[in-house]
Amino acid sequence: MEDNSSWTALSIDHIRISAFNFGIVSEDNDEGKEFLLSLDTVVPDDILERIFTFLPIVSMIRSTAVCKRWHDIIYSSRFLWTHMLPQRPWYFMFTSNESAAGYAYDPILRKWYDLELPCIDKSSCFVSSSCGLVCFMDNDSRNAISVSNPITKDCKRILEPPGAKFPDYSTIAIKVDRSSHNYTITLAKCKQVPEDYVRWDFSLYKYDSQSSSWVTAVEEVFIGWRGGDDSVICDGVLYCLIHSTGILGNLEPRHSIIMYDLIAGPSKASLMQSSIPAPCSLTCGRLLNLREKLVLVGGIAKQNRPDIIKGIGIWELHKKQWQEVGRMPHKLFQGFGEFDDVFASSGTDDLVYIQSYGATALLAFDTKQKQWKWSAKCPVSKRFPLQLFTGFCFEPRLDITT
């Protein structure tokens with residue numbers, strides 16, 4: 001693992017420091033006297049906007065503390081956020097099981113920042129992110145849902161969803177429209193039919209930020225299959241990972257993906273009719289949206305030992321066929337140390353993050369460059385042997401609100 005002892009942990013408040021000193025222009029006036037001129041007064045807004053587009057997100061955060069004018073331009077300029085250089089997704093790592101405290105990793109500057117998440121008070125929750133917003137759902141009743149911007153601390157608790165409380169399995173996903181900044185949240189719930197080991201009730205609900213309301217999209221009964229705890233929205237389609245119960249002898253494939261078109265709406269056909277089998281026997285499968293393409297990350301199980309993984313693979317879906325785009329080299333796989341069949345993975349843009357639950361080691365895979373790289377050393381260490389860590393990635397933005 002890469003040892004980077006030069007990491008710096010800063011709180012988000014420390015990022016917001018004044019980063020600008022007025023330049024002094026000295027000229028002779030008619031009376032032979034000097035006068036002071038602020039460069040900020042002679043640079044028009046459109047030029048400032050173009051300058052800001054070249055800055056990394058941390059520098060933009062610092063710039064908002066310079067003056068009200070810069071603050072307003074950065075937060076309100078649609079041109080800036082649509083023309084700025086691509087920002088690599090940050091990774092937030094929970095470092096406490098009792099609270100939402102942790103560190104956010106910036107892959108561009110290779111630094112960790114002390115960050116406290118708004119709206120939630122426990123790290124045990126369901127998480128989904130899109131275009132600067134992060135959606136959280138509690139792990140208890142699974143009905144308390146909030147949306148927040150981790151950078152600006154803007155936060156909103158949304159209307160409680162319909163459907164049964166305390167489902168056996170559930171998953172949440174959020175998708176933000178990059179033009180209008182409206183967002184859609186989907187919540188899938190699955191509960192075993194009472195005293196029935198074969199059938200599982202599956203229901204899907206959709207929330208629209210414009211109307212601030214939920215609608216029931218799907219109610220269906222699965223036979224021999226159950227819902228899972230992972231889903232993602234890609235190009236207007238919701239994908240959910242489902243699991244074979246093995247009751248009907250359907251041991252392979254162990255996992256499949258069901259699809260629901262959020263734009264076209266309900267279909268008369270069963271969701272199971274269009275399901276897509278996983279590429280192989282997996283453990284800890286995770287669905288990602290990388291540039292509106294569906295990507296699956298999973299531990300590749302040993303033959304006849306599905307509880308033990310021999311590696312981690314990454315696949316991309318093309319016309320209902322899986323194509324492998326990356327596999328973790330064995331040397332890096334061994335570098336995790338306490339690595340078993342459970343791990344966290346998330347990603348956006350071209351970047352996939354993989355983290356062991358038992359350690360703070362964080363590995364990133366660039367799907368475009370086909371490169372694996374360790375993060376800088378996380379500024380936290382295990383306090384006790386059974387301490388667990390998890391996390392998620394998000395796109396750092398200042399212009400998106402809840």
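This report walks through the fold, the strand pairings and a few side-chain groupings of the chain shown above.

**Overall make-up**

Keep in mind that this is a predicted model. The protein chain has six helices and 25 strands, so strands are what most of this report talks about. Of the 402 residues in the chain, 52% are buried. If you take contacts with a separation of 6 or more, 53% of them are between residues 24 or more positions apart.**An open sheet of four**

Strands β9, β10, β11 and β12 line up in that order as an open sheet with antiparallel pairing. At the edges sit β9 (169-176) and β12 (213-223), each with a partner on one side only. Ignoring direction, neighbouring strands here are turned by 15° against each other on average. Strands of a sheet pair through backbone hydrogen bonds, either parallel or antiparallel.

At one end of the sheet, β9 pairs with β10 (residues 183-192) over eight bridges, in the antiparallel sense. Within that pairing, isoleucine 174 faces isoleucine 185 of β10. Also worth a look is tyrosine 169: arginine 226 lies over the face of its ring, at 3.8 Å from the ring centre.

**β22 and its two partners**

How many residues of strand β22 (residues 351-356) are buried? The count is six of six. In a regular strand the side chains alternate between the two faces of the sheet. For β22, one side carries Leu351, Tyr353 and Gln355 and the other carries Val352, Ile354 and Ser356, with all of these buried, so both faces are covered.

Strand β22 has β21 (residues 343-348) as an antiparallel partner over six bridges, and threonine 348 stands opposite leucine 351 there. The two strands make a hairpin with two residues between them, and aspartate 349 in that turn has a positive phi of about 60°. Strand β23 (residues 362-366) is joined to β22 by five bridges, again antiparallel. In this pairing valine 352 is set opposite phenylalanine 365, and the hairpin from β22 to β23 runs through five residues.

**Around serine 256**

Serine 256 belongs to strand β15 (residues 255-261). Is serine 256 buried or exposed? Its relative accessible area is 3%, and since buried means under 20%, serine 256 counts as buried. The strand around it is mostly covered too, with six of the seven residues of β15 buried.

Setting aside neighbours within four places in sequence, serine 256 is in contact with Trp225, Cys240, Leu241, Ile242, Ser275, Ile276, Pro277 and Ala278. Take serine 275 from that list: it is 19 residues away from serine 256 in sequence, with a C-alpha to C-alpha distance of 6.2 Å.

Strand β15 pairs with two strands. β14 (residues 237-244) is joined to β15 by seven bridges and runs antiparallel to it, with histidine 243 opposite histidine 255. β16 (residues 276-277) is joined to β15 by two bridges, also antiparallel, with isoleucine 257 opposite isoleucine 276.

Here are the bridge counts for the pairings covered in this report.

| Strand pair | Sense | Bridges |
|---|---|---|
| β9 and β10 | antiparallel | eight bridges |
| β21 and β22 | antiparallel | six bridges |
| β22 and β23 | antiparallel | five bridges |
| β14 and β15 | antiparallel | seven bridges |
| β15 and β16 | antiparallel | two bridges |

**Rings**

The structure holds 14 aromatic pairs. One of them is phenylalanine 92 with phenylalanine 392: the ring centres are 5.6 Å apart and the planes are at 35°, which makes the pair tilted. Phenylalanine 92 is in strand β2 (residues 90-94) and phenylalanine 392 in strand β25 (residues 390-394), so this pair ties together parts that are 300 residues apart in sequence. Both of these phenylalanines are buried.

Another tilted pair is tyrosine 105 with tryptophan 112, at 4.9 Å centre to centre and 40° between the planes. Tyrosine 105 and tryptophan 112 are both buried. Ring pairs also link Trp90, Phe92, Phe94, Tyr113, Phe136, Phe392 and Phe394 into a cluster.

**Cysteines**

How many disulfides does the structure hold? It holds zero. As for individual cysteines, cysteine 131 is buried with a relative accessible area of 4%, and cysteine 393 is buried with 3%.

Technical notes
Residues numbered from 1 in each chain as written. Predicted model: local features only at pLDDT ≥ 70, side-chain atom pairs only at ≥ 80, totals over all residues. Heavy atoms only, no water. Disulfide = S-S within 2.5 Å. Buried < 20%, exposed > 50% of the residue type's maximum accessible area, 1.4 Å probe, protein only. Phe/Tyr/Trp six-rings, centres within 6.5 Å; stacked < 30°, edge-to-face > 60°. Helix = DSSP H or I, 4+ residues; strand = E, 2+ residues; numbered from the N terminus. Lys NZ or Arg CZ within 6 Å of the ring centre and 35° of its normal. Pairing = 2+ DSSP bridges. Axes fitted to C-alpha atoms, helices over the stretch in contact; angles between N-to-C directions. Contact = heavy atoms within 4.5 Å.
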